Each structure stands twice: as C-alpha cells, then as structure tokens.
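Colleague: I'd like a close look at one part of this protein, explained for someone in their first year. Could you put the model up so we can go through it together?

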Amino acid sequence: MAHVIDREEWAVRPDRWKGELQCGAYGSNSCLIFNYLADVGGGPRLHSHPYAEIFIIRQGAGLFTIGDREIEASAGQIVIVPPHTPHKFTNLGPGPLETTDIHENGSFITKWLE
C-alpha cells in the first residue's frame with residue numbers, strides 16, 4: 001500500500017525543511033531527519049546507531065566527526081556512516097547547514113555518547 005504523508009505530519013515549521021519521520025509505521029525500513037541548522041557550530045552531539053546513516057548535504061557545509069576521522073562535506077555531497085560508528089556533525093557556516101538524513105531502520109535507535 002502506498003502512503004502520502006503531509007508536511008504537517010513531520011515538519012516542525014511550515015516554512016523550513018526541518019523535522020523527522022519514522023517510516024516503519026508505513027512499512028518502510030527507514031527513518032528520515034530533515035535538519036536545518038542556522039547557527040555556526042550547531043549540530044547533534046556524539047552518538048551511534050546499530051544501522052547505517054546516510055547524510056545528504058542540501059545546503060551549506062558541515063564538519064562530520066566519524067569515528068576518529070573529521071570530514072568536511074558541502075552541498076551536493078553524501079556522507080555514509082557505517083553501523084555502530086560514533087559520529088556527530090556541526091555547521092561550518094557561514095550560512096545554514098541543511099541535510100536530509102536517512103536511517104536504515106524503521107524506528108530511531110540512538111546511543112548518545114556525550
């Protein structure tokens with residue numbers, strides 16, 4: 001069965017791509033996070049998942065810490081983090097960082113490490 005999910009069901013604000021959706025309820029083995037980080041230095045703290053996470057950088061630039069590596073990625077690039085790998089990212093600026101994050105699981109499972 002196909003599903004159409006209205007913006008009001010996942011978006012934090014109607015004027016930004018910011019929000020999240022656990023797609024397992026719709027028969028998908030994925031979750032989505034739409035990040036909009038306006039402030040330089042903003043981003044989630046170190047964490048890991050028992051599944052891979054894919055980051056699509058839609059706008060801006062970010063510094064990704066993945067295990068013991070630091071990777072700068074910018075609009076148009078895709079970063080893939082393997083399962084069980086500690087990671088975090090921050091907005092490098094000068095403008096907003098906008099990403100679409102795909103979790104390869106129908107619900108979020110996050111272990112916060114800091």
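What volume does the largest pocket have? Please take that part slowly, and then lead me outward to the rest.

Modeller: Happy to. Keep in mind that this is a predicted model. The largest pocket has a volume of about 170 Å³. Its lining is made of 14 residues, and those nearest the centre are Ile-33, Pro-44, His-47, His-103 and Trp-112. If you sort the lining by class, you get 6 nonpolar, 5 polar and 3 charged residues. As for where the lining comes from, β2, β4 and β9 each give at least two residues to it. Let's use those strands as a way into the rest of the chain.

Take β2 to begin with. Ser-30 sits in the loop between β1 (19–22) and β2 (31–37). Is Ser-30 buried or exposed? Ser-30 counts as buried because its relative accessible area is 16%, and the cut-off for buried is under 20%. Leaving out residues up to four places away in sequence, Ser-30 touches Gln-22, Cys-23, Gly-24, Ile-102, His-103, Asn-105 and Gly-106. You've met one of those already: His-103 is among the residues nearest the pocket's centre.

Now for β4 and β9, which are linked by a salt bridge. The side chains of Arg-58 and Glu-98 meet there, with 3.7 Å from N to O. Arg-58 belongs to strand β4 (residues 53–59) and Glu-98 to strand β9 (residues 97–103), so this pair ties together distant parts of the chain, 40 residues apart. The two partners don't have the same kind of surroundings: Arg-58 is partly exposed at 38% relative accessibility, whereas Glu-98 is buried at 9%.

While we're on salt bridges, the whole structure has 3 of them. Another is between Glu-114 and Lys-88, at 3.4 Å from N to O. That pair also links distant parts of the chain, 26 residues apart, with Glu-114 in the segment after β10 (111–112) and Lys-88 in strand β8 (residues 87–91). Both ends count as partly exposed: Glu-114 has 47% relative accessibility, and Lys-88 has 25%. Then there's Arg-13 with Asp-15, where the closest N and O atoms are 2.7 Å apart. Arg-13 is partly exposed at 36%, while Asp-15 is exposed at 52%.

Lys-88 also gives us a route to β5. Thr-65 lies in strand β5 and is in contact with Glu-70, Pro-86, His-87 and Lys-88, setting aside its neighbours within four places in sequence. Thr-65 is buried, with 14% relative accessibility. Gly-62 is in strand β5 too, and its relative accessible area is 0%, which makes it buried. Have a look at Gly-62 and Glu-72: they are 10 residues apart along the chain, yet their C-alpha atoms are separated by 5.7 Å. Beyond the four places on either side in sequence, Gly-62 touches Ile-71, Glu-72, Ala-73, Thr-90, Leu-92 and Leu-97.

Two of those contacts, Ala-73 and Leu-97, bring us to the largest nonpolar core, which has 10 residues in all; alongside them are Leu-37, Phe-55, Ile-57, Phe-64, Ile-66, Val-79, Val-81 and Phe-89. β4, β5 (61–66) and β7 (78–81) are the elements that give two or more residues to this core. Val-79 is a good place to zoom in: not counting residues up to four places away, Val-79 touches Glu-53, Ile-54, Phe-55, Ile-57, Phe-64, Ile-66 and Ala-73. There's also a second, separate core of 5 residues, including Ala-11, Leu-21, Cys-23 and Phe-34. As background, nonpolar side chains in soluble globular proteins tend to be buried together.

Last stop: the backbone. Most residues other than glycine have a negative phi, and most peptide bonds are trans. His-84, in the loop between β7 and β8, has a positive phi of about 60° although it isn't a glycine. His-84 is exposed, at 59% relative accessibility. Over in the loop between β8 and β9 you'll find Pro-94, and a cis peptide bond joins Gly-93 to Pro-94, with omega about 10°.

Technical notes
Residues are numbered from 1 along each chain as its sequence is written. This is a predicted model: local features need pLDDT of at least 70, side-chain atom pairs count only at pLDDT 80 or more; totals for chains, interfaces and linings use all residues. Side-chain values use heavy atoms; hydrogens and water are left out. A salt bridge is a side-chain nitrogen of Lys or Arg within 4 Å of a carboxyl oxygen of Asp or Glu. Buried means under 20% relative accessible area, exposed over 50%, partly exposed in between (1.4 Å probe, protein chains only). Helices (H or I, at least four residues) and strands (E, at least two) are DSSP runs, numbered from the N terminus. Contact means heavy atoms within 4.5 Å. On a 1 Å grid over the protein atoms alone, a cavity is a set of points where a 1.4 Å probe fits but cannot get out, and a pocket is an open set with protein on both sides within 12 Å along at least five of seven lines; lining residues have an atom within 4 Å of a point. Grid points are joined across faces, edges and corners, and a volume is the space filled by probe spheres set on the points. Ala, Val, Leu, Ile, Met, Phe, Trp, Tyr, Cys and Pro count as nonpolar, Asp, Glu, Lys and Arg as charged, and the others, Gly among them, as polar. A nonpolar core is a set of buried Ala, Val, Leu, Ile, Met, Phe, Trp, Tyr and Cys residues joined through side-chain atoms within 4.5 Å.
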